[in-house]
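Welcome to my notebook. I am jotting down what I looked up, one entry at a time, so you can follow along.

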Amino acid sequence: MKTRTLRITVCPACLGPLRLAASEVVEDEIRAGTLTCARCGAVFLIVRGVPRFVTQLGDRQQIAESFGFQWHVRGQGRFETGTLYGLSEDDERDGFFHALDRGPLDLEGKTILEAGCGDGFLLRILSKLPVDIVGIDINTSIDRTADACRGFANVSVLQADLLRAPFAPGTFDIVWSEGVIVCTADPREAFGSLASLVKPGGTLYVWVYPSERLSVYQRMRDLLVAPYRLPRPVLLYLCYLLAVPIYLLARPYAAWQRRRGVPVDAKPSIGSVAFSLFDNLSPRYQSRHTTAEVRGWFEAFGFADVKQTGLIGMTGRKAG
């Protein structure tokens, strides 16, 4: 964690101020130490540069371990490499700016939170901008994420739960979260947690699974009923078996869509198909939503200028 990130970090339990007792600081990065809440006395360890704010996850422990396994396997090169969900770095960067309807210069000096940062794919892309970036995730492979982002002076990685994020309300100019709140038991509550972290006038972006026009991955999850109960190595093997026919059908379908003039950004490989399958099949929770429902969340939590991007990504500006 970068030393300046400490200024915006609070106790996730009571939002009290944190006192640092550091045992290892390298330049501007806190590599090891403890954070103690001055209000409630809670203690959080900093290990390998990552503050460990995840304490009691309950039924979300399965999610943390599932995604931890997924990102670990991806880090070993056993899923796609160089892309994420079939998207290149350029695709991801363009999608980010398109969703926000801004350019790189518009973000100068902003503070950005990625809630559910995975292995840091987007964090590394955004590190080239003149912004401060914080990524949080509950996954058990967070050390891999931190190691991948360690060379970037404007990026901090924290192991934290978005339902009990270690930040005061109104901390961030931009909060970005793709496909994360759908893996919680109460997506609306998770949305509210993210909404509270946005500054007045700031921007929130969320992407959720649509309840209409289901993807082949969602249909496969429904067909298998409860695939997340399988041992993860078995599920990984199953995903690769299923990926082959999906991949063989996906390429001609994508070519047909392009001939019709329909933009198709993703460049599927067997690895990217297997990754997307595992991403859909492994978590215990997966909710799906309508455009009207998600727009209603934005309006209920005080956001205006709500804009939809694809199915279903949505941005809004916090009033005030």
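**Entry 1: helix α9.** I started on the face of α9 that is turned away from its buried side, and there I found the exposed residues Ala292, Glu299 and Ala300. A quick reminder to myself: this is a predicted model.

Next I asked which residues of α9, running from 291 to 300, are buried. I noted Val294, Trp297 and Phe298. Why do they end up on the same side of α9? They cover an arc of only 95° around the axis, and that puts them on one and the same side.

Then I looked for what covers these buried residues. My list includes α5 (187-196) and the strands β9 (198-207), β11 (288-289), β12 (303-309) and β13 (313-318). I also checked what comes after the helix: Gly302 follows α9, and its phi is positive, near 85°.

**Entry 2: the largest nonpolar core.** I turned to the largest nonpolar core, which has 92 residues. Which of them touch the most other members? I wrote down Phe96, Ile136, Phe167, Leu204, Leu277 and Phe298. Helix α7 (residues 232-259) gives this core its largest share, seven residues.

Phe298 was already in my notes as a buried residue of α9, and I met it again among the contacts of Leu204. Leaving aside neighbours within four places in sequence, Leu204 is also in contact with Val175, Phe191, Leu194, Ala195, Val198, Phe303, Met314, Thr315 and Gly316.

**Entry 3: two threonines.** Is Thr145, in helix α4 (residues 142-149), buried or exposed? I found it buried, because its relative accessibility is 0% and the cut-off for buried is under 20%. Not counting residues up to four places away in sequence, Thr145 touches Cys117, Gly118, Asp119, Gly120 and Val157.

I then looked up Thr309, which has its place in strand β12. Thr309 is buried too, with a relative accessible area of 17%. With residues up to four places away in sequence not counted, Thr309 touches His98 and Ala99.

**Entry 4: an open sheet.** My last stop was an open sheet of four strands, in the order β1-β2-β3-β4, with antiparallel pairing. Which strands stand at the edges? I noted β1 (18-26) and β4 (50-51); each has a single partner strand, so one side of each is left without a neighbour in the sheet.

For β4, I looked at its pairing with β3 (residues 43-47), which is antiparallel and runs over two bridges. Here I saw Ile46 standing opposite Pro51 in β4.

Conventions: Residues are numbered from 1 along each chain as its sequence is written. This is a predicted model: local features need pLDDT of at least 70, side-chain atom pairs count only at pLDDT 80 or more; totals for chains, interfaces and linings use all residues. Side-chain values use heavy atoms; hydrogens and water are left out. Buried means under 20% relative accessible area, exposed over 50%, partly exposed in between (1.4 Å probe, protein chains only). The arc is that of the directions from the helix axis to the C-beta atoms. Contact means heavy atoms within 4.5 Å. A nonpolar core is a set of buried Ala, Val, Leu, Ile, Met, Phe, Trp, Tyr and Cys residues joined through side-chain atoms within 4.5 Å. Two strands pair if DSSP finds at least two bridges between them.
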